[in-house]
Amino acid sequence: MSEVYGAGRIKRRRASRHEMEARFEAVYEIVRENQPTGIRFTYYTATTRGIVEKTQSGYEKIQRAVLHLRRTGRIPWSWIVDTNRWMRKPTTYGSIDELLDTAAASYRRDLWRTSKVAVEVWCESESIAGVLYPVTSKWDVPLYPIKGQTSDSFAYGAGEQYRRDPRSVVVYYVGDHDPHGYEIESNLKAKLIEFSGRSIAWCRLAVDADDVARLSLPGTEPKKPSYRDALTGERVPWRGPSVEIEAVPPPTLRQWLDATIEQHVDPEALRLTRIAEESEREILLAMKGHTA
């Protein structure tokens with residue numbers, strides 16, 4: 001069957017029921033293997049597996065497939081992350097006992113308080129942040145999604161924190177491998193150095209040219225032939241394809257980040273922190289018996 005669109009009479013064949021079900025099953029497997037993941041990560045994996053074409057139409061097919069699978073209960077809603085929408089409301093409780101239960105369940109000691117380094121992760125978008133958060137949450141590391149170019153106010157606030165922190169600052173950055181992505185990164189780094197007045201140990205965790213080659217990541221022609229490095233003021237010629245961070249499989253990205261952060265963790269400090277957490281949770285729960 002075909003459909004006619006507008007005066008140009010562009011005909012497109014509709015997928016058969018069997019083809020749609022095959023697509024749903026393939027998308028389900030991608031999400032199951034990579035969850036928690038996002039729509040763009042799912043789309044990139046689908047293009048590499050030949051499930052859809054690498055076009056806007058292909059992206060929309062994945063959007064519709066994921067929505068169908070979620071609404072029919074085949075994909076749990078928590079498997080797809082969406083950090084773009086927030087509800088704002090003060091935290092309230094039904095009673096002091098409820099507060100203490102909540103505090104005990106969520107209580108964590110600051111693993112990094114006695115560390116010689118302050119580790120942070122910055123990333124280019126909210127969708128990437130949703131994929132990285134399970135790891136940064138595990139290690140109690142700050143995660144900053146910047147949504148494109150960083151505002152001066154946001155960078156100034158971070159720089160002020162660095163000024164007050166006696167520890168060495170280590171930043172791991174996650175973003176697109178294209179001229180625009182490197183401009184975003186260099187602008188961020190330049191602003192953080194300017195506003196903090198400090199040196200920062202900086203590392204692009206992903207995605208870079210080595211990742212692209214090693215993982216055979218799909219790319220496109222760059223939209224610009226070069227980018228301006230905010231740290232040097234020079235224009236840097238661009239060579240090779242442009243590759244979005246969403247082309248990296250989420251489990252791989254999380255594995256890289258997990259191993260990277262773990263390098264900065266003192267095993268003995270981690271052991272003592274966990275012992276203290278458990279003891280102090282018991283204190284919070286014991287307080288319930290003394291509330292009126």
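Which residues are linked with R74 in a network of salt bridges?

**Figure 1. A network of salt bridges joins three residues of the predicted model.** The residues linked with R74 are E21 and E25. Across the whole structure, the count of salt bridges comes to 20.

**Figure 2. E29 and R32 form a salt bridge within helix α1.** The two side chains meet at a distance of 2.7 Å, N to O. Both residues lie in helix α1, which spans residues 17-34, and their spacing of three residues separates them by about one helical turn. E29 is partly exposed, with a relative accessibility of 24%. R32 is likewise partly exposed, at 38%.

**Figure 3. E268 and R271 form a salt bridge within helix α10.** The distance from N to O in this pair is 2.7 Å. Helix α10 covers residues 267-286, and E268 and R271, three residues apart in it, are separated by about one helical turn. The relative accessible area of E268 is 39%, which places it in the partly exposed class. R271 is also partly exposed, with a value of 43%.

**Figure 4. A salt bridge between K224 and E183 links distant parts of the chain.** The side chains of K224 and E183 meet at 3.0 Å, N to O. K224 belongs to the loop between α8 (209-215) and β7 (226-228), whereas E183 is in helix α7; the two residues are 41 residues apart. K224 is partly exposed, at 31% relative accessibility. E183, by contrast, is buried, with a relative accessible area of 12%.

**Figure 5. E185 occupies a buried position in helix α7.** The helix that holds E185 runs over residues 179-196. The relative accessible area of E185 is 8%, and the residue is therefore classed as buried, the limit being under 20%. Leaving aside residues up to four places away in sequence, E185 touches Y173, W202 and R204.

**Figure 6. C123 and C203 are in no disulfide.** A disulfide is a covalent bond between the sulfur atoms of two cysteines. A search of the whole structure finds zero disulfides. For C123, the nearest cysteine sulfur is that of C203, 15 Å away. For C203, in turn, the nearest cysteine sulfur is that of C123, also at 15 Å. A disulfide requires the two sulfur atoms to be within 2.5 Å, so this pair does not qualify. C123 is buried, with a relative accessible area of 0%. C203 is partly exposed, at 33% relative accessibility.

Technical notes
Residues are numbered from 1 along each chain as its sequence is written. This is a predicted model: local features need pLDDT of at least 70, side-chain atom pairs count only at pLDDT 80 or more; totals for chains, interfaces and linings use all residues. Side-chain values use heavy atoms; hydrogens and water are left out. Helices (H or I, at least four residues) and strands (E, at least two) are DSSP runs, numbered from the N terminus. Buried means under 20% relative accessible area, exposed over 50%, partly exposed in between (1.4 Å probe, protein chains only). Contact means heavy atoms within 4.5 Å. A salt bridge is a side-chain nitrogen of Lys or Arg within 4 Å of a carboxyl oxygen of Asp or Glu.
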